[in-house]
Amino acid sequence: MMHLNPDGKKKVLKADLSHMGFDFKHHTHVLDTAKGTRYYFCYEYGYLLIKQEEILLVKNESLING
């Protein structure tokens, strides 16, 4: 995720992460926001499932909470 998201927020295709070997079943923690969205994090890098095949990559929880 770090290589695909150098600026802190970026939309990518789920297939791109899968092709790089990313396993969506493993994460360090989950963040549920007050708006009901759920972000999955692997340390400081996280993602939000936007659509079936589209993902929003984020860096650091402060981008979501801030």
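1. The sheet. An open sheet of five strands sits in this predicted model. Its order is β1-β5-β4-β3-β2, and the pairing is antiparallel. Look at the edges next. β1 and β2 (29–32) stand there, each with a single partner strand, so one side of each has no neighbour in the sheet. The strands are also turned against each other: neighbours differ by 30° on average, direction ignored.

2. β2 and β3. These two strands run antiparallel, and four bridges join them. One place to check is H29, which stands opposite F41 in β3. Between the two strands of this hairpin lie five residues. Which residue of the hairpin takes a positive phi? It is G36, with a phi near 90°.

3. β3 and β4. Strand β3 covers residues 38–42, and strand β4 covers residues 45–49. They run antiparallel, and four bridges join them. F41 turns up again here: its bridge partner in β4 is G46. So follow F41 to both sides, since H29 stands opposite F41 in β3 and G46 is its bridge partner in β4.

4. The aromatic pairs. How many aromatic pairs are there? The count comes to four. One of them is F24 with Y47: the ring centres are 5.4 Å apart and the planes stand at 90°, so this pair is edge-to-face, a label for planes over 60 degrees apart. The pair links distant parts of the chain. F24 lies in the loop between α1 (14–19) and β2, while Y47 lies in strand β4, 23 residues apart.

5. Burial of that pair. Is F24 buried or exposed? F24 has 19% relative accessibility, and buried means under 20%, so F24 counts as buried. Y47 has a relative accessible area of 2%, so Y47 is buried by that cut-off too.

6. A second pair, and the cluster. Y40 and Y47 also form an aromatic pair. Their centres are 5.5 Å apart, with 25° between the planes, and the pair is stacked. Y40 is buried, and so is Y47. Now put the rings together. F22, F24, Y40 and Y47 form one aromatic cluster.

7. A charge over a ring. F24 has another contact to inspect. The charged end of K14 sits over the ring of F24, 5.1 Å from the ring centre.

8. The salt bridges. The count comes to two. In one, the side chains of R38 and D32 meet at 2.6 Å, N to O. Why does R38 count as partly exposed? Its relative accessibility is 42%, which lies between the 20% and 50% cut-offs. D32, at 46% relative accessibility, counts as partly exposed as well. In the other salt bridge, the side chains of E54 and K51 meet at 4.0 Å, N to O. K51 has 56% relative accessibility, which is over 50%, so K51 counts as exposed.

9. The start of the chain. Where is M2? M2 is in the segment before β1 (9–13). M2 has a relative accessible area of 47%, so M2 is partly exposed. Compare its place in the chain with its place in space. M2 and Y45 are 43 residues apart along the chain, yet their C-alpha atoms are separated by 7.1 Å.

Conventions
Residues are numbered from 1 along each chain as its sequence is written. This is a predicted model: local features need pLDDT of at least 70, side-chain atom pairs count only at pLDDT 80 or more; totals for chains, interfaces and linings use all residues. Side-chain values use heavy atoms; hydrogens and water are left out. Buried means under 20% relative accessible area, exposed over 50%, partly exposed in between (1.4 Å probe, protein chains only). Two strands pair if DSSP finds at least two bridges between them. Axes are lines fitted to C-alpha atoms, for helices over the stretch in contact, and angles run from 0 to 180 degrees between N-to-C directions. Rings of Phe, Tyr and Trp (its six-membered ring) pair if their centres lie within 6.5 Å; planes under 30 degrees apart count as stacked, over 60 as edge-to-face and the rest as tilted. A charge sits over a ring if NZ of Lys or CZ of Arg is within 6 Å of the ring centre and within 35 degrees of the ring normal.
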